[in-house]
Each structure stands twice: as structure tokens, then as C-alpha cells.
Amino acid sequence: MGVELRDDEAAFRTIGDHDLIDSYLVYRARDTLCSVSSGDTEDYRQLLSAMNPEELGANEVAMLVTNLKALAGAVAYIDNVLHNELLSAIFKMSLWNYKPDVMDALIEFIESLATSSGKYVDDCLAMLTCQFFPPGSLPLPKILARKDGVLSRVHSSLKYIADLVPLSPVRLVPIVLDGKPQYRFNNTSTLSLVIYVENMLKLESGMLGEVVRIPMLAGVVDLLLDLDVEIGWEDIKNDSSKGIFEMELEDVDESRDDDLNDDSELPRQLSRKTLGGNSFAEKLDSLMVLTFEHLESCQVADRLIKIFDTLLESFKKTVLTAYKSKFAQFVIFYACSLDPKNCGVTFALMLEHTFFSSTNPPLLRMSAVAYLASYLSRAKFLSVFVVASTLERLVDWCVKYVKMQDDAINPEAHRIFYSGCQAIMYLLCFRMRSMMDDPQLKPWLVRLPLESILNNKLSPLKVCLPSIVLEFLRQAKAARLFMTSEKFNFDDYLESELSREFGGMERLDMFFPFDPCLLKKSDSYIRPNFIFWSMVQPTYDDEDSSDEDVGEAFAGDDDGGMDYGIMQSLEEEHFDFAEVGSALNKMSITPKDSLHSRFGGAINQPMRMPSRIRPSTSPESF
Amino acid sequence: MDGLNVSDVNLQVQLHPSRSNNVRNAVLRELSSLLLRFNEKFQGVVLAYEFKIDKVPDILPSMHPYLYVRLKAKLLLFSPKPDMLLEGKVVKVKQESIHVIILGFSSAIITDKDIREEFQYKTKHGKDLFVSRSHKQHVIKAGTMIRLLVKSMDEETLCISASLLPAHTGSILWLDKHVENVSLTDGSNKRRRGNEEESVMPEPSRTSAEAYSLVDHYIKKSKKHRESATQEPSRSEASSAMSDHSIKKSKKHRESAMQEPSRSEAYSAISDNSIKKSKKHKTREES
């Protein structure tokens, strides 16, 4: 026993000279802090001046490190009222301005203070959160050089505090969400915003993720949507007479011309021109890319499903209910593309359920079905069977609706029904050919009761957007799927009075949320998984039908005999515009004088693409 | 351990009409907002709850037809007060402080001025520890379950300032083995007795049965639980079935609540009788 005790004694480390010096400094710091209450502030003033040196030479740095370390051992003697000045000075310090030894000393002090008493937890967390982005005065090379050093210390410190104060992550959440740089200010650089969001995502994927995951992801989506809203349709329209309002194939045509001399990506040339000068667009584009990369890392770490539920919930609460979100929805599109079987299908089911649920407000249901139609049409990663099953349920819903109604045409009263019909037609414009080519789906599609939902008293063909109706009729006729003897004379090809009426003030009749992404960097992520209209194989032969009056009875027999080999190979392989520039010429079904066909003469002109209709093309929609 | 008690309360919750299709879930959602936060009305932190909807919800006659739901609930509360003895796990030992986590969520700190002279800070094999000068086996290090005295609590952050000055504070394992030798010099603390595995804790504070409204916070004395039980036979049956196991369930529940406070959304199954009958709560301590 005695031997054991001696061993134990030997194992205890004796206090060395170094520790004695440290202890002396700590006791000195304690005395200095205690002396303030007795009115003796001389040492305290010296301490304050040492914490705010005018110049940061080697001596000042050494003094700063010593004082911070000494104070870290004396945090129990700090009073938030008596030593307010000292605390303010320390909380204002930015890790970005110091070298590693000062950073370490400052972090050590903050950790000690945060864990010394509950009253300092919030202040210390706020101080650490302030380090999430660099001070504006710091030049870019220094930012890049110090970024990893600062952020790794900050996150390990947050983890340390959470280990000792388990509820600190809960308190951290509102601090982080409220502390993000003000994106509206011109002096807030894109880099600051990106680094801040990078930290939010790092928190989500880090040790504190279990607590902060949901609010952090929701916060990122909210920020994306805020920036999205700032961009506004009018801003984009004013930038150019074309831009976002230009039709999809016009973009392709123009950028193909540009591409002869330029290897830049197609067809987003226009978008770059129109959005290039928009600081919000630049910020949003960078943040979207950051989010995409984070989703990829989650996919690699096999935890995409975990965060997808959160993303989906956030989407339902914010993006889906927002007025015509333009870009933020591509985050969920990209997440779906990374895991089509799970995330991709879950997203479609959520939209479908939102549309079917009669307890939801009409606008939400219309918005949901607009998302659903656009998503199923554009998502290259979704199998045609998933699309078909959703289509079947949509048709069933519409059939039941028609059976329950004995009303005449009434765009406002039956707007949900019309939005459902338009979704079905829009979807079929994109997918009809692929379904007809599938031997299993073709008989199913032929048996689909389209007749009963499109030919009835409610007359959806008269109410829905003319361009979609005409394109649908054209393809349906070619596929011998659906024919009508009625003749449609739309005054305006783009929209009609009835479509405006069913779309309401919000113009949800013209809302196609997954139209091509106009943010250049984000588009490069979306494009490989995206179906552009130019890639779609219609059921008709373009040349044969170009002179046809599409408004007349679709009784002819001109089943498309076009060679779709090029397009099929595009479907199967990674889409690369640069390689298929010439192929686009062959498959172009868009008239060159599209503006003419858009405004007048639509009936006698070749069909325009439904996808080319962009939301808010009409100023009156606002 | 002190600071844990069960409170019978009458609650009133107003629910948005859109929640009327699933009232129970909506009530759960409202109650979960109370969890792990200090509530001034209850004078404690709600750790767990169990409730019964008192009667069919009324529809409030106003512009907005909110549902008015009356509940009878049992709340497991954590209400540390100065001079109470709490138990927790040491997570960090430094020369200037000992950091403890109580019930898995509340942080407690003991600064060196609140550590009695008996303890000496040392490092052994690179690990920080406090060792008693008089009893070498009495060691406090990371992972040790200790008993500490509450000095104060920050109600916002639920951080506790604690002390190891009284002789009957320190490592629970050591104290329980040497309880007879500990001189109880501090008169403010309750007398303790126990054996190697079990110690009898001081009587917990019993919360008066008060009713609180989540909406307008009015307070009134709640009626006895038995009255409601006689009015509703189904509840009476449930109550009697629960009372058979009241003491065991009560003990089991508190232990589980102590171990896993994060799961406190699970409803407690404590019998009303068990609380009223139990004068002293026996808690199995770490052996």
C-alpha cells in the first residue's frame, strides 16, 4: 500500500517555474480586477490600454497574449458591470486581425469566460459568431490566408463551450441567424456573405448539428429566398428587352451564334448580361453554388436524406408560399437530382399531396401543382414511370372533379381544376413522346381519360394558357392521343383573358418555377440534370406540321416520323451544349421570327414552345 | 438529489382552428415549447409532462374561433434553489474551476474560491484532478459523479453556480462509502444516512397544485385529482391501475428523467398518488 501511495505521489506533477509564473500572472490579474471595486483603478487602466494598443508591435503582442492568458485564469473575478469596459474591448477584437498566438489566447479567454457563468454565454457566442466573416478593412489575400485558421478555432471553441454548457447551441441559433451580414448593404461583399453561410453550413454538418441542423438549413434557405425576392422580375426585365423574358429557344439560338467564337456555356449568355450587374444576383448565385456543394458533401457522407427532410420542410414553409420564387427552388431541385429515387420522388409526392389536400388554401394548391408540373417536366433524373404515376393521379383527381361539377366555364371558381389541367398538358408536352415510345406506357397513356377532363362544360382548353393548349393539342394529335373538333382562335398566343382570370392577381397560370436557371454558376450545376425544351422530342414531325393550322380539328394522320436519334443520345448522355450546337439546328422547331408569332398571327404560325412562356412576361401581372 | 418535483397543474391552451383536426398533437406542440426553459409560473424547468384533456374543447366566441382546451397535466420540474444539493457529472477540471453537467443539460461551475481547502489541484498522467489532502481516495476528475451545493442559477441559460465548501459535498462514490466519517459541520444541510448503494435524500419541495393558463397566465387552485377521477370512470380506472405501481414508477421515472432529460417529451407516467404519498424520494446513486 505504501509503495502504491509513493507511486501515486510520484505521478503527480510538481508545479514548475513556468506554472509559477503563470500562477503569478493570474493572481496579479485577479488583484487588478478586484482592485476596481475598491476604487483603485490604476492597474486596471494599464490593463485596458494594453488590450487596445495603438500599434501592434512584438512587445504589444506579447503583452496582449500575456494579459489574455492571465485574464482567462481570473474570469471568476470579472464583473460584467465593474469591468464592462474591459469586456467591451475584448468582445470587439477580431481574430482576423491577429496572428495565431493572439488568436489562441483570445479563444482561451472567451472559452473560460463563456463557461464561467451563464451571464456571459450569449456575449461570448455573439463574439465568436462575429468571426464568421472578416472585417471589411482586411484585404482579400489576408482573408484567404487566415480564413482556415480563424474558422477552425471558432468552431472548435463553439464545440468546447457546448461540451461544458450543453444548452449553448440552442442559444447560438438565434445569434447566428440574426448576425448574418446585411446583404442589402452595398459594402457587404459577396465574399463575406459566402463565408458566413459557409459557417452556417459548417455548424449544420458539425458536432452541434443535431441541435442546430434545422434552423441553420432553414436560415440558409430563407436567406436565398430573401435575395431571390430582392432581384424581382421587373429588375431583370428592365436590364434588357430580352433577358429572362426571352423564350428558351431564342436564348439557345442567340447563344449558339455567340458560341461560334466563344467556348462559354450556352445558353445563359443572356442571363449573364442581364444579371451581371445585379449584386443580389451575384450574391445569390455564389450562395446557391455553396449550397449545392454542401449538398454534394452530404451525399458523399451519406446523410443527404437526413437534411433533405429539413430542406423539404423549409421549402414548404417559405419557398412554396413565396410569390413566384425565381431561383431558390433550385436548391431542392439539385438535392433531388443527387438522390432521385428517394429525394426526387419524395419531393414530387409532397407537391402532389399539397395540391390534393382540400384544406390548403387555393393559391398554395395552385402553386404546388405549378411546381409539380415544372419539376416533372424538367427533371431529367426522374424515370418516366415516376412521371406517369403522378400524371395518373392528377388525371384521376381532375376526372373526379369534373364528375362533381355541373357548372359552365368559370375561370375563377374552378381555378384549382384549371391549374391541374394545365399541369397535365404542360407535363405531356414534355413527356408525351417518351411515354409513347415506351411499350409499357403507351397503352396506359392511350387509355388515360383525357377526353373527359378536357372536353366538358368547364372547357379547360379555352381557359388554360393558349401556348400550352396548342402545343399539347398538336402533340396529342400527332400521337393520336386526344383530338378535339373545336377550333381555338386565341387573340394572343401567350395568354388569354380567361387564363389571366384563372391565374388571378398572382398570375399562377404563368408560373413555371423550374424554367431554366438564369444564374450562371448555379446553372452549370443544374444543367446536366435539366431538360431544356430544345432537348424535348415532340410527337409530331416539325417540318410536316409547320404549315398546319393548329387551331383546327386534329383529325389528320401525320404521325411523326422524325429521326430523333440525336435527341435520344442527348437524353442518355451528359448534355453538352458545345457539342450539340449543330444538332440544335436540326431539331429547332422554333420559328426565327418568334416575336411575330408571339404577338399576333399565332394561329397561322408554327407552334411556340410552352416552356418559352415565362412568368411575369406581362407587366400587368404585377 | 434535490430540485426535482412533480407538479399537478391545470392548463388552458388556445389552439388555432386549423389545428382542430388533431387536438392532441397541437397540445403536445404547445407543451413542448415549455421544455428545457425556466418558467417563472412553475418556478422551474419543465423536463417532462403528461396530460389529459379535461373535457371537450370549447370554441371561443370571437372573430377567430380558437379552440379552448383545458388540460390536467403533471409536470416534472427541475427547480434548483440555493443550498440545495444536486448531483452531476464532472466534464472538465481546471485549476480555477470544476465544470459539471447536471441531468445532461444544466451546466454547473464551481470556481476555486468555492472549492474547500481540503481539495488540492494536481495533474496526474496529464489529467487534471482535485484530490483531498486528508483522504487520498477522494478524487474529483472528469467523469466523477459529484454532489454539490447550489449557490445560484442563471434562469436564462440554466447555468448553476455551485460550491464544494460543505463537507458532505464531493465525489458521491467516496461520500457514500465514508458517510459516517464525514463531519456534518454545516447546519444548513440536511442530515444524510445511507449505505454503500443507497442514500436517503432530503425531502423534495412539494409543489402546490396550481393551475396556469398558457394564454392569460391566471392562477387558481386546482381541484383534487380524485374528484375528476370520480367524474370520469375511465380515468378512475387508469388512476387506480397506476397507483399500484406508484412508488416504483415514480422512482423509475425520476431516474430516467435524470439520465435522459433530452427525451423529456416522452410523457411521464407518474401516478398522482405516488407524489402525494411519497415523503422522501429514494434515489439510487451511482455505485
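This report walks through a predicted model of two chains, A and B.

## Ground rules

Residues are counted from 1 along each chain as its sequence is written, while chains are lettered from A and ligands numbered from 1 in the order in which they are written. Since everything here is predicted, local features need pLDDT of at least 70 and side-chain atom pairs count only at pLDDT 80 or more, but totals for chains, interfaces and linings use all residues.

## The two chains

Let's start with chain A, which has 31 helices and zero strands. Helices (H or I, at least four residues) and strands (E, at least two) are DSSP runs, numbered from the N terminus. Chain A has 622 residues, and 46% of them are buried. Here "buried" asks for 20 or more other C-beta atoms within 10 Å of a residue's own; 12 or fewer makes it exposed, in between is partly exposed, and the C-beta atoms are placed from the backbone.

Chain B mixes things up, with six helices and 18 strands. Of its 287 residues, 32% are buried. What about contacts, meaning two residues whose C-beta atoms, placed from the backbone, lie within 7 Å? Among contacts between residues at least 6 apart in sequence, 78% in chain A join residues at least 24 apart. In chain B, residues 24 or more positions apart account for 64% of the contacts with a separation of 6 or more.

## The core of chain A

In soluble globular proteins, nonpolar side chains tend to be buried together. A nonpolar core is a set of buried Ala, Val, Leu, Ile, Met, Phe, Trp, Tyr and Cys residues joined through C-beta atoms within 7 Å. The largest one has 207 residues, and those with the most contacts inside it include A:Leu224, A:Val331 and A:Leu372. Helix 21 (residues 415-437) of chain A gives the most to this core, with 15 residues.

A:Ala423 sits in that helix 21, and it counts as buried because it has 28 C-beta neighbours inside 10 Å. Not counting residues up to four places away in sequence, A:Ala423 touches A:Val369, A:Ala370, A:Leu372, A:Ala373 and A:Leu394. For a sense of scale, A:Ala423 and A:Ala105 are 318 residues apart in sequence and 61 Å apart in space, C-alpha to C-alpha.

## Helices 17 and 19

Why is helix 17 (residues 330-338) of chain A described as largely enclosed by the rest of the structure? Eight of its nine residues are buried, so the rest of the structure largely encloses it. Among the buried ones are A:Phe330, A:Val331 and A:Tyr334. The helices that the buried residues of helix 17 pack against include helix 11 (209-231), helix 15 (279-300) and helix 19 of chain A. A:Leu224, beyond its neighbours within four places in sequence, is in contact with A:Leu284, A:Leu287, A:Met288, A:Ala328 and A:Val331.

Helix 19 (residues 362-378) of chain A is home to A:Ser374. Thanks to 23 C-beta neighbours inside 10 Å, A:Ser374 counts as buried. Leaving aside neighbours within four places in sequence, A:Ser374 is in contact with A:Phe512, A:Pro513 and A:Phe514.

## Where the chains meet

The contact between the chains takes 24 residues from chain B and 18 residues from chain A. On chain B's side, strands that each supply at least two residues include strand 6 (85-93), strand 7 (97-102) and strand 8 (106-111). That side divides into seven nonpolar, nine polar and eight charged residues. In this scheme, Ala, Val, Leu, Ile, Met, Phe, Trp, Tyr, Cys and Pro count as nonpolar, Asp, Glu, Lys and Arg as charged, and the others, Gly among them, as polar.

Over in chain A, the buried residues of helix 8 pack against strand 6, strand 7 and strand 8 of chain B, along with helix 6 (100-116), helix 7 (121-130) and helix 9 (168-178) of chain A. Among those buried residues are A:Val150, A:Val154 and A:Ile161.

## Pairing in chain B

Strands pair if DSSP finds at least two bridges between them. Strand 6 of chain B runs antiparallel to strand 12 (residues 145-154), joined by five bridges, and B:Glu87 has B:Arg147 in strand 12 as its bridge partner. Strand 6 is also antiparallel to strand 7, with four bridges. These two strands, 6 and 7, form a hairpin with three residues between them, and B:Lys92 stands opposite B:His99 in strand 7.
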